[in-house]
Amino acid sequence: MAERLVVIGGDAAGMSAASQARRRRPDLDIVALEKGRFTSYSACGIPYLVGGEVGRAEDLVARTPEEFRSKQRIDVRIRHEAMAVDLDARTIDVRDVEHERSYSLGFDFVVFGTGAVPIRPDLPGIDAPWVRGVQTLEDAASLLAEAERSRCRDVVVVGAGYIGLEMAEAFHRRGAQVALVEGAPTVMGRTLDADMAVRIHGGLRDLGVDVRLGEQVERFEDGAVVTGSGRIPADLVVLGLGVAPASALAADAGVELGPRRSVAVDRRQRTSVDGVWAAGDCASTWHRVSERPVHIALGTVANKTGRVAGIDIGGGYATFPGVLGTAITKVCQTEVARTGLTEREAADAGFAVDVATIETTTTASYIPGTQRVHVKLVSEQGTGRVLGAQIVGGTGSAKRIDTVAAALAGRLTVTDLVDLDLAYAPPFSSVWDPIQQAARQIRTTPR
Ligand SMILES: Cc1cc2nc3c(=O)[nH]c(=O)nc-3n(C[C@H](O)[C@H](O)[C@H](O)COP(=O)(O)OP(=O)(O)OC[C@H]3O[C@@H](n4cnc5c(N)ncnc54)[C@H](O)[C@@H]3O)c2cc1C
């Protein structure tokens with residue numbers, strides 16, 4: 001009988017693993033269990049579906065279950081949820097949601113690709129049906145149905161991480177009155193240093209979003225969010241408080257956990273148990289600058305780690321070198337990006353740092369329509385090694401972060417950055433790219 005691989009979770013990590021395993025092992029019996037209706041979808045596209053730029057949930061699907069079955073012989077079972085995994089007996093208890101039945105599925109190898117779940121604070125009223133988290137496309141479809149039902153008048157987003165900000169803007173675009181409540185004094189407080197984060201506030205306020213910083217939610221009741229400052233009317237609440245790894249299934253099966261209760265894995269995405277892999281948002285990873293295990297939930301990481309797991313299962317050899325925490329978003333007209341460590345994270349990791357923050361333009365200053373851009377660069381004192389960067393600015397700003405991400409991967413110094421032979425013409429940048437202007441500033445700042 002053919003050996004069987006079971007993948008739990010049918011999105012980025014799980015289906016990347018399944019596809020890679022199929023390429024290398026045509027003989028494998030591959031089953032993918034997905035509790036929702038969609039496979040290989042872009043959760044990153046959800047704010048654009050909510051905002052109306054993308055017409056239908058199906059438009060965010062890269063590959064359907066039928067395509068996996070017909071093109072790759074992967075037995076995708078949608079609306080089948082893995083309820084428990086027995087790693088000694090090598091069986092999974094599966095619930096077939098559609099037909100309300102359960103069955104036991106044997107396996108030789110298993111991949112946990114169960115993703116993450118939105119954090120739900122333990123507050124009175126949190127279980128009300130109009131208080132929603134959004135992580136999967138299934139969540140988004142049901143959120144949209146709720147928004148239609150409530151006619152989407154008053155929407156409160158709780159938490160101003162990047163998902164909260166994107167959702168606040170999306171609901172504004174749908175025509176809702178949006179309030180954004182954040183307990184910290186700035187938005188994106190976990191992503192950026194405060195001096196960079198404050199540069200984002202203006203855009204949302206200009207749109208008419210009621211941005212309430214430093215305000216704690218106390219409870220949800222009778223169509224309102226109650227904070228320390230009073231009641232905010234809400235037909236719908238969207239939680240944007242970050243995510244936690246969906247690791248309970250693996251933990252209950254006896255697999256070791258790592259940071260923030262993510263599934264601990266090695267560089268080949270192998271867990272503590274033989275024949276068991278994990279990838280994507282449910283798994284831990286390695287930070288290449290802090291050199292510590294971390295949990296970072298990003299689509300880029302999920303695709304890459306799923307691929308590595310699949311190659312390993314298929315008998316090949318691949319390793320995932322770890323993350324830099326490179327991330328990018330757009331809040332109204334403001335582009336935001338980061339990579340490596342912020343100043344605060346670098347200090348927490350034990351680095352003594354030099355920092356430069358510059359303000360310049362995205363193109364030569366005489367080009368009509370040029371935009372302001374702020375770059376903050378962090379380097380190690382003494383060695384000059386680049387540790388991280390943050391960018392906030394107008395159109396054409398944020399993708400420059402990739403230059404710094406490449407510099408971090410190559411362990412370059414600020415002098416190396418200054419000397420990089422980057423492309424220049426007036427419509428694209430000044431003769432010194434903004435990243436290089438920041439590097440020059442660090443190099444020339446006397447200690
Ligand atoms: C609104 C939003 C915007 C985002 N924007 C970006 C972005 O711009 N850039 C970026 O890099 N990342 C972004 N992300 C993060 C990115 O989407 C995730 O990192 C990525 O989807 C993780 O992939 P995954 O396969 O690990 O997990 P998921 O995409 O969460 O998929 C896990 C799947 O497993 C299924 N599942 C879970 N438990 C079981 C079970 N027991 N049985 C069967 N099935 C199960 C779930 O239904 C789900 O479909 C965004 C996320 C959201 C929610």
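How much space lies in the largest cavity? About 50 Å³. Keep in mind that this is a predicted model.

## The largest cavity

The structure holds two cavities of 30 Å³ or more, so let's take the largest one to start with. Its lining includes a run of neighbours in the sequence, Leu239, Gly240, Leu241, Gly242 and Val243. Pro118, Val134 and Ile163 complete the set.

Sorted by class, that lining comes out as six nonpolar and two polar residues, with no charged ones. Gly counts as polar here, and Gly240 and Gly242 are both on the lining list.

## The second largest cavity

Next up is the second largest cavity, with about 30 Å³ of space. Gln269 is on its lining, along with Ala279, Gly280, Ala283, Ser284 and Thr285. Ile296, Val301 and Thr305 are there too.

The class count for this cavity is four nonpolar and five polar residues, and again no charged ones.

## Helix α5

Now for a helix. α5 covers residues 162-173, twelve in number. From first C-alpha to last, α5 reaches 17 Å, close to the 16 Å expected at 1.5 Å a residue. Ile163, one of the residues lining the largest cavity, falls within the range of α5.

Which residues of α5 are buried? An unbroken stretch of them: Gly164, Leu165, Glu166, Met167, Ala168, Glu169, Ala170 and Phe171. Glu166 and Glu169, both of a type classed as charged, are on that buried list. Just past the end of the helix, Gly175 takes a positive phi of about 100 degrees.

How values were computed: Residues numbered from 1 in each chain as written. Predicted model: local features only at pLDDT ≥ 70, side-chain atom pairs only at ≥ 80, totals over all residues. Heavy atoms only, no water. Helix = DSSP H or I, 4+ residues; strand = E, 2+ residues; numbered from the N terminus. Expected span 1.5 Å × (residues − 1). Buried < 20%, exposed > 50% of the residue type's maximum accessible area, 1.4 Å probe, protein only. 1 Å grid on protein atoms, 1.4 Å probe; cavity = no way out; pocket = protein on both sides within 12 Å on 5 of 7 lines; lining within 4 Å. Points joined across faces, edges and corners; volume = space filled by probe spheres on them.
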